[in-house]
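Please find below a colleague's notes, set out as numbered points. They are meant to be read beside the coordinates.

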Amino acid sequence: MFYEPETWVAIAFVILLVVFGYLGVHRTLLTALDHRAERIKAELEDARRLKDEANKLLGEYKARRASAEREAEEIISSAKAEAERIAAEAKIKMEDFVARRTKTAESKIAQAEAQAVADVRAAAANAAVTAASTILSQSVKGSVADDLVGKGIAEVRSKLN
């Protein structure tokens, strides 16, 4: 049995354990493991706290994003409504403008027609006066002729104008 290498390894191992026990290595080892366990526990608590804070921030940002999306949709819908209102106002103003221009043009046409009729009447009156004065001056002579011509001219002018 003492010639077996496994026996000597076992004896050396037991002696090593006794020396470690005498020197208090097991207490140092257990203390180091306890400190490590406490450090890991503290890191886990920090990680859990950071995770909770991150989830809270994520919730806040999601709420802000949803609020911003709603606000953007409201802005878009109000802009569309405003554009439709402006288009309707522009259409009404354009129709009013066209109606006023049409009325102005019709008024100008009526004035031009009235002026043309007046010009034609004046030209006809002048032609009639000239013709009547020529005819009367050739057929009637003297002061009676001048009297008749003046009355005829006045009468034609009053009727034609």
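1. Over residues 30–100, what percentage of the chain is helix, what percentage is strand, and how far apart are the end C-alpha atoms? The chain over that stretch is 100% helix and 0% strand, with its end C-alpha atoms 102 Å apart. UniProt, in an unreviewed entry, lists residues 30–100 under "coiled-coil region". It should be kept in mind throughout that this is a predicted model.

2. On the overall fold, the protein has three helices and zero strands, and when it is read along the sequence the pattern is α-α-α. Helix α2 covers residues 25–139, while helix α1 covers residues 5–23.

3. On overall dimensions, the radius of gyration of the protein is 61 Å, whereas a compact globule of 161 residues would have a value near 15 Å. Taken along the principal axes, the box filled by the C-alpha atoms is roughly 185 × 30 × 20 Å.

4. On burial and surface, buried residues account for 4% of the 161 residues in the protein. The exposed area comes to about 14000 Å², and 64% of that area is supplied by carbon and sulfur atoms.

5. On charge, the protein has 25 positive and 25 negative charges, and the mean positions of these two sets are 8 Å apart.

6. The unreviewed UniProt entry also places a "transmembrane region" at residues 6–25. In the model, the chain over residues 6–25 is 95% helix and 0% strand, and its end C-alpha atoms are 25 Å apart.

7. Does the end-to-end distance of helix α1 agree or disagree with the expected span? At 1.5 Å a residue, the 19 residues of α1 should span 27 Å, and because its end C-alpha atoms are 27 Å apart, the two values agree. What follows α1 is G24, a residue whose phi is positive, near 80°.

8. I15 lies in helix α1, and it counts as exposed because its relative accessible area is 52%, where the cut-off for that class is over 50%. Between I15 and K91, which are 76 residues apart along the chain, the C-alpha atoms are separated by 107 Å.

9. E60 is found in helix α2, and with a relative accessible area of 35% this residue is partly exposed. The C-alpha atoms of E60 and W8 are 68 Å apart in space, and the two residues are 52 residues apart in sequence.

10. D119 also belongs to helix α2, and at 43% relative accessibility D119 is likewise counted as partly exposed. Measuring C-alpha to C-alpha is again the basis for the pair D119 and G59, which are 60 residues apart in sequence and 88 Å apart in space.

11. One general remark may help in reading the helical stretches: an α-helix has 3.6 residues a turn, so residues three or four places apart point the same way.

12. To draw the points together, the model is predicted, its pattern is α-α-α, and its radius of gyration is 61 Å against the value near 15 Å that a compact globule of 161 residues would have.

Conventions: Residues numbered from 1 in each chain as written. Predicted model: local features only at pLDDT ≥ 70, side-chain atom pairs only at ≥ 80, totals over all residues. Heavy atoms only, no water. UniProt positions renumbered as here; feature names shortened; annotations may be inferred. Helix = DSSP H or I, 4+ residues; strand = E, 2+ residues; numbered from the N terminus. Expected span 1.5 Å × (residues − 1). Rg over C-alpha atoms; globule rule 2.2 N^0.38 Å. Buried < 20%, exposed > 50% of the residue type's maximum accessible area, 1.4 Å probe, protein only. Areas by Shrake-Rupley, 256 points an atom, 1.4 Å probe, with all protein chains shown as cover. Lys, Arg positive; Asp, Glu negative; His and termini not counted. Charge placed at Lys NZ, Arg CZ, Asp CG, Glu CD.
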